[in-house]
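This report examines one protein chain for a reader who is new to structural description. Please keep the sequence and the model in view while reading.

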Amino acid sequence: MIIELSVKNMAVIKSVTLTFGKGLHVLTGETGAGKSILIDAISLLLGARASSDFVRSGAEKTEIEGVFSIHSGHPIDEIFEEMGIMHDEDGMIVIRREISGQGKSICRVNGQVVTLSMLKQIGPRLIQMHGQHEHQTLLSSEQHLHLLDQFGGETVQSAKQAYREVFEEYQSLMRDKRNMQFDERETAQRVDLLSFQLEEITEAQLQPGEDEELEQLRNRLMYAEKLFENMEQAYQSIQGEERGLEAVGRALSLLETAAGYDDSLKEPLDHLHQVFAQLEDTARVIRDYRDRLEFDPERLTEIESRLNDIGKLKRKYGKDIDEILQYAENARQELEMLQNHEVHLEQIEQKLAKTADLLAEKALELSLARKEAAKKLETRLMAELKDLLMDKTRFEVKFNVRSDEQGIDVNGTRVKPMENGTDEVEFYISANPGEPLRPLARIASGGELSRLMLALKSIYADQDQVNTFIFDEIDTGISGRAAQTVAEKMAKVAATAQVLCVTHLPQLASMADHHYLIEKETDDNETITSVAELDEEGRVYELSRMLGGAEVTEMTLNHAREMIHMAEKVKHTIL
């Protein structure tokens, strides 16, 4: 949820800082006081486009900062990981946006600069905005399938998972089939090339590690004379004229005599015995190596030729012999597949046919689960709308499929399988008797749209991963009894979520857990908007103003107190 909002030098706002908690937050004030500016500020934090018009006259830039708190395992964690954004273990997120007088914008999330497109991905995961004429997630037909699946719960999700597992296999087989559909001329050319390459590698009779052994042997033959000279000198140093081994033997004899008088010399004596034995072994190894050295120019030429041949193969097929041999194995498999193309294609088509039948079965199971969920959603939504005095409203979830002659057969119809099934879903509604059902996105009445959005949000509030909702004057066109039902429904949503609401309805304002008054003051030099959270008496006075207009009387004050008192009773029953 949003914890704090700070706005500086934005339109008529010079400097405002608001703190928020849980429950229903209501923002009220006279028309033109600047309520919409605060909503615009939050919209900018969520990725809305900025312009220099937002910058307060005489200021260099507009500064907006929002502090948010998220729970552990929040869906935004994955987005942050993809974007490389760090956030504290305590779940605090700080979004800051600056807009210059030239209209340039800088966005930061937890101190890290992000692009506007990145901010647009982050914002909707933190807050859902609901305004009178905005494009809303709930009104987007592309989102209706997701909303239905979300409402369907584990039953639908389980059927969807079973479908997706088969769908992935189906997609893999379709790719294999496409890869098998070769042009005959290209196939013949590919067979010739693979045959030549395989023959070239096979004739070389490569052995793993052969090149490394040959390189060692080549070095030994190339530098045989130098090696012989070094080995001879080393051997003479140990066991020849320099008598290195003899000197160690003499030291060993002396140490043995001394150890007979002092037991503490036994340890160095043992060490010297080991050194003497190792020197003898080393001298023997050096001598044998020296004696094996050969000066064979013909053998060196053979090795050079072999390494040259291997080098040519490396340049063509891999950086070492292992890669060359793996290339040959891959070529052998591809060649076998091309030469037996018809057999392999038939096998793939048989598997594809079986998988398509299974996919159609899973698609039907998923569709049936969705239709069952759709009936429950229709009943639930119409009950919510009845509470909001729209008892004549009809709501229906329409199902459709995308025909595709190359698709799968579901109940005798060829349809296109997609990642989420074969269903296309859209919400339809008729608000008045005698009117035909129309797509939800085409609802035009402000009051109906507001209540419909609130009814949907009431249903999805417990399931929605976003826990903060902002309603910007969604009470347009609502009054009387309908206003009271909207207020009660809003309080119900706020019982499990954080809600910010800009309203002109006193019924809705009376339900507030936190009430903010937005006022505009003008003098000869400037206009400044201020925001203050109201105490109990402040709420009574503001509610009285909303009830009575410009004139506040004792009667309107008493009415306001009574409304707040009754609202507390209603909220108590909700909780």
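The following paragraphs describe a predicted model, moving from its sheet and hairpin to its cores and its aromatic rings.

## The six-stranded sheet

Strands of a sheet pair through backbone hydrogen bonds, either parallel or antiparallel. In this model, six strands form an open sheet, and their order is S2-S1-S4-S5-S6-S7 with antiparallel pairing. The edges are strand S2 (13-19) and strand S7 (112-114), each of which pairs on one side only. From one strand to the next, the twist averages 15 degrees.

Within this sheet, strand S1 (residues 2-10) and strand S4 (residues 61-69) run antiparallel and are joined by six bridges. One residue pair can be named here: Lys8 has Glu63 in S4 as its bridge partner. Helix H1 lies across S1, S2, S4 and strand S5 (92-100), and it runs at about 110 degrees to S1.

Two serines illustrate the surroundings of these elements. Ser43 belongs to helix H1 (residues 35-45). Is Ser43 buried or exposed? Its relative accessibility is 17%, so Ser43 counts as buried, the limit being under 20%. Apart from neighbours within four places in sequence, Ser43 is in contact with Ala48 and Met129.

Ser69, by contrast, lies in strand S4. With a relative accessible area of 23%, Ser69 is partly exposed. If residues up to four places away in sequence are not counted, Ser69 touches Met1, Ile3, Gly91 and Met92. The C-alpha atoms of Ser69 and Asp90 are separated by 8.1 Å, although these residues stand 21 residues apart along the chain.

## A hairpin

Strand S10 (residues 403-410) pairs with strand S11 (residues 413-415) in the antiparallel sense, over four bridges. Across this pairing, Asp409 stands opposite Arg414 in S11. The hairpin of S10 and S11 has two residues between the strands, and Asn411 takes a positive phi near 55 degrees there.

## The nonpolar cores

Which residues touch the most other members of the largest nonpolar core? They are Leu24 and Leu377, in a core of 69 residues. Helix H12 (residues 341-387) supplies the largest share of this core, 12 residues. Leaving aside neighbours within four places in sequence, Leu24 has contacts that include Met490, Ala494, Val499, Cys501 and Leu508. A second, separate core holds 45 residues, among them Phe20, Phe68, Ile79 and Met129. Met129 has already appeared above as a contact of Ser43.

A charged residue may also be buried, as Lys489 shows: its relative accessible area is 6%. Lys489 is placed in helix H14 (residues 480-494). Not counting residues up to four places away in sequence, Lys489 touches Glu384, Asp387, Leu388, Leu454 and Ser458.

## Aromatic rings

A pair of aromatic rings is described by the distance of the centres and the angle of the planes. The structure holds four aromatic pairs, and two of them are set out in the table.

| Pair | Distance of centres | Angle of planes | Arrangement |
|---|---|---|---|
| Tyr317 and Tyr327 | 4.9 Å | 40 degrees | tilted |
| Phe395 and Phe427 | 5.3 Å | 70 degrees | edge-to-face |

Why is the pair of Phe395 and Phe427 edge-to-face? Its planes stand at 70 degrees, and an angle over 60 degrees counts as edge-to-face. Phe395 lies in strand S9 (residues 394-401) and Phe427 in strand S12 (residues 423-430), so this pair ties together parts that are 32 residues apart in sequence. Phe395 is buried at 4% relative accessibility, and Phe427 is buried at 0%.

The tyrosine pair links helix H10 (residues 297-317), which holds Tyr317, to helix H11 (residues 321-339), which holds Tyr327; the two residues are 10 residues apart. Tyr317 is buried, with a relative accessible area of 8%, whereas Tyr327 counts as partly exposed at 28%.

Rings in this model also take part in arrangements with lysines. The charged end of Lys371 sits over the ring of Phe399, 5.6 Å from the ring centre. Likewise, Lys398 lies over the face of Tyr428, and its distance from the ring centre is 5.5 Å.

Note on methods:
Residues numbered from 1 in each chain as written. Predicted model: local features only at pLDDT ≥ 70, side-chain atom pairs only at ≥ 80, totals over all residues. Heavy atoms only, no water. Phe/Tyr/Trp six-rings, centres within 6.5 Å; stacked < 30°, edge-to-face > 60°. Buried < 20%, exposed > 50% of the residue type's maximum accessible area, 1.4 Å probe, protein only. Lys NZ or Arg CZ within 6 Å of the ring centre and 35° of its normal. Contact = heavy atoms within 4.5 Å. Pairing = 2+ DSSP bridges. Axes fitted to C-alpha atoms, helices over the stretch in contact; angles between N-to-C directions. Core = buried A, V, L, I, M, F, W, Y, C linked by side-chain atoms within 4.5 Å.
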